[in-house]
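Got your viewer open? Let's take a short walk through the disulfides, one selection at a time.

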Amino acid sequence: LPDASGPPPVARVGLPLRSEAPLRWAVMKRTTFFDKYDTVLIDWKDAPAVLTAEAAEFARLQRLRIAVDFSSGVNLFPDLRLCRIGSRYADSMAAMRQVISGTIAAGFADATYIVTLHRHPECAADTCAADFPVVLKEISDYVAAASGGRGALSLRQAPFKPAPDASIFAAAPALKYGVSASLACGGGGGYTPVVGPYVDTVYVAAAVSEPLMGAAGTTYAAPFTALDADATSTQAFMQCTCSILAQYPNATVVFDAWHNAEDVDAEFRDYDAFARLRARYCQSAPHGAAY
């Protein structure tokens with residue numbers, strides 16, 4: 001593994017770990033990790049176990065960037081509620097503050113925290129739309145105050161989640177945004193790209209048609225190994241993805257495909273497939289990172 005005196009790792013490329021394993025162990029298990037990534041995403045439920053003081057020292061020495069992802073819990077019930085409906089809203093804010101404060105206390109003051117919006121069926125669309133700017137500002141302000149201005153909040157676009165209104169960013173100027181290339185390039189319904197200084201992350205994965213409960217459907221978190229390298233649709237999808245990456249050259253690129261948490265070979269194959277497809281179909285490197 002590199003140390004603090006060695007060359008910097010690959011810039012701004014992230015991998016979700018999706019595991020409670022100790023951070024050092026999870027990284028060392030991936031023997032080529034620092035050839036590819038410099039950022040890890042930790043699920044909010046795993047954060048207390050993973051983001052310890054020992055992990056913070058390891059991250060500091062390796063210059064590893066950390067993001068805590070609340071997305072899996074934004075479901076109204078039983079986890080996190082971002083609409084101000086009922087007493088569970090206060091419980092949800094308390095739970096988020098506990099994770100954030102614990103992460104900062106362990107030594108990760110510069111961590112980024114990721115959230116999504118509720119799906120419309122989870123609560124009335126008009127109620128949620130009115131609440132989102134207020135709620136996201138509350139969370140953003142807490143992150144800024146607790147971290148001394150070093151931490152950040154990033155709102156990510158996800159399948160079946162509404163696109164943010166500009167009022168959200170007006171209410172919380174420090175809020176960042178993560179765009180989904182698989183949604184934009186795979187024809188995801190309801191996707192509205194957000195442009196401008198808000199974008200700090202681009203999530204990349206393959207969009208693949210598959211049966212869903214007996215009907216045609218699309219998954220937006222498939223590995224790039226699922227794409228037919230010779231298909232015209234793959235060429236169009238990759239060129240679209242590369243154009244989004246080129247639009248945001250300073251954004252963190254997160255490989256967002258779902259894998260078994262223990263299958264590090266699948267992660268490698270996904271990364272390698274993307275690199276080969278990018279080299280084949282994109283005219284130039286779409287991002288500053290060396291992949």
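## A tour of the disulfides

Start by selecting Cys-242 and Cys-282: both of these residues are buried. Keep in mind as you go that this is a predicted model.

Now show the side chains of that pair. Cys-242 and Cys-282 are joined in a disulfide, with 1.8 Å between their sulfur atoms. Check the torsion about the S-S bond and you should get 75 degrees, a right-handed link. Zoom out a little to see what is being tied together: Cys-242 sits in helix α9, while Cys-282 lies in the segment after α10 (264–281). The two are 40 residues apart, so to speak in distant parts of the chain.

Next stop: stay on helix α9 and pick Cys-240. Which cysteine is its disulfide partner? Select Cys-185, and you'll find the two sulfur atoms 2.1 Å apart. The torsion about this S-S bond is about -80 degrees, so the Cys-185 and Cys-240 disulfide is left-handed. Here too the pair links distant parts of the chain, with Cys-185 in helix α8 (residues 181–185) and Cys-240 in helix α9 (residues 232–247), 55 residues apart.

Switch on a surface and look at this second pair again. Buried or partly exposed: what is each end? Cys-185 is buried, at a relative accessible area of 17%. Cys-240 comes out at 23%, which makes this residue partly exposed, because the cut-off for buried is under 20%.

How many disulfides does a search of the whole structure find? Two, and that's the end of the tour.

How values were computed
Residues are numbered from 1 along each chain as its sequence is written. This is a predicted model: local features need pLDDT of at least 70, side-chain atom pairs count only at pLDDT 80 or more; totals for chains, interfaces and linings use all residues. Side-chain values use heavy atoms; hydrogens and water are left out. A disulfide is a pair of cysteine sulfur atoms within 2.5 Å. Helices (H or I, at least four residues) and strands (E, at least two) are DSSP runs, numbered from the N terminus. Buried means under 20% relative accessible area, exposed over 50%, partly exposed in between (1.4 Å probe, protein chains only).
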